[in-house]
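This briefing introduces the fold of one protein chain to a first-year student. Please keep the sequence and the structure in view while reading.

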Amino acid sequence: MMEPVIVICDDEVDLLSELAEWFECNGWTVRTARTVGEALAQLCPGPITCLITDRWTANGDDLLRRVDAMPASRRPGLVAMMTGDIEVEVRPCPPGADLFFLKPVDPGSMLEAISARLAARRGASPSGGHW
């Protein structure tokens, strides 16, 4: 089985590094980006298992629109969005996002939720944080 590949886009360098390290330690190949342009470039050498983006600081809504416009074969298998905006917690996921996380995020919980969602899509159960 190939390692899952994740693109993480956030302009908060500390959070970006923490999430990248967490996913790498759990068997993922990680590509990082601080801007929408960088994230789109990281999506090109697909296939990408998951994209995580910040809603505001990395202009996540714009990134979601651009990803949604991609041919299905180039889109990530799962798209997750993060935000520090507490009001968003009561709103539905933005169009194009499969999962929504409130900052500060717990990397372990994030990995578990992403793995579970990917496993459900494949009709399997997650094992050891890998999909």
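Axes are lines fitted to C-alpha atoms, for helices over the stretch in contact, and angles run from 0 to 180 degrees between N-to-C directions. Two packed helices are described by the angle between their axes and the distance between the axes. The model discussed here is predicted. In it, 5 strands form an open sheet with parallel pairing, and helices H2 and H3 pack at an angle of about 30 degrees.

**The sheet as a whole**

- Strands of a sheet pair through backbone hydrogen bonds, either parallel or antiparallel.
- In this open sheet the pairing is parallel, and the 5 strands follow the order E2-E1-E3-E4-E5.
- Strand E2 (29-33) and strand E5 (99-102) have a single partner strand each and stand at the edges, so one side of each is left without a neighbour in the sheet.
- On average, neighbouring strands of this sheet are turned by 20 degrees against each other, direction ignored.

**Strand E3 and its partners**

- Strand E3 covers residues 50-54 and is mostly covered, with 5 of its 5 residues buried.
- Cys-50, Ile-52 and Asp-54 point one way from E3, whereas Leu-51 and Thr-53 point the other way; all are buried.
- Strand E1 (residues 5-9) pairs with E3 in the parallel sense over 4 bridges.
- Within that strand pair, Val-7 has Leu-51 in E3 as its bridge partner.
- E3 is also joined to strand E4 (residues 78-83) by 5 bridges, and these two strands run parallel.
- Where do the residues of E3 meet those of E4? Cys-50 stands opposite Leu-78 in E4, Thr-53 stands opposite Met-81 in E4, and Asp-54 has Met-82 in E4 as its bridge partner.

**Strand E4 and its link to E5**

- Is E4 mostly covered or exposed? E4 is mostly covered, as 6 of its 6 residues are buried.
- Both faces of E4 are covered: one side carries Leu-78, Ala-80 and Met-82, the other carries Val-79, Met-81 and Thr-83, and all of these residues are buried.
- E4 pairs with E5 in the parallel sense over 4 bridges.
- The bridge partner of Thr-83 in E5 is Leu-102.

**Helices H2 and H3**

- Helix H2 (residues 36-43) and helix H3 (residues 60-68) pack at an angle of about 30 degrees, and their axes are 10 Å apart.
- Angles under 35 degrees count as roughly parallel.
- H2 and H3 are therefore roughly parallel to each other.
- The crossing of H2 and H3 is right-handed.
- H2 contributes Val-36, Ala-39, Leu-40 and Leu-43 to the contact, and H3 contributes Asp-62, Leu-63, Arg-66 and Val-67.
- By class, the contact of H2 with H3 has 6 nonpolar residues, 2 charged residues and no polar residues.
- H2 also lies across E1, E2 and E3, and runs at about 170 degrees to E1.

**The loop residue Asp-11**

- Asp-11 is placed in the loop between E1 and helix H1 (13-25).
- Asp-11 counts as partly exposed because its relative accessibility is 28%, and partly exposed lies between the buried limit of under 20% and the exposed limit of over 50%.
- Asp-11 and Arg-34 are 23 residues apart along the chain, and their C-alpha atoms are separated by 4.6 Å.

Note on methods:
Residues numbered from 1 in each chain as written. Predicted model: local features only at pLDDT ≥ 70, side-chain atom pairs only at ≥ 80, totals over all residues. Heavy atoms only, no water. Parallel < 35°, antiparallel > 145°, perpendicular 65-115°, else oblique. Left-handed = near helix turned anticlockwise from the far one by under 90°. Contact = heavy atoms within 4.5 Å. Nonpolar A, V, L, I, M, F, W, Y, C, P; charged D, E, K, R; others polar. Buried < 20%, exposed > 50% of the residue type's maximum accessible area, 1.4 Å probe, protein only. Pairing = 2+ DSSP bridges.
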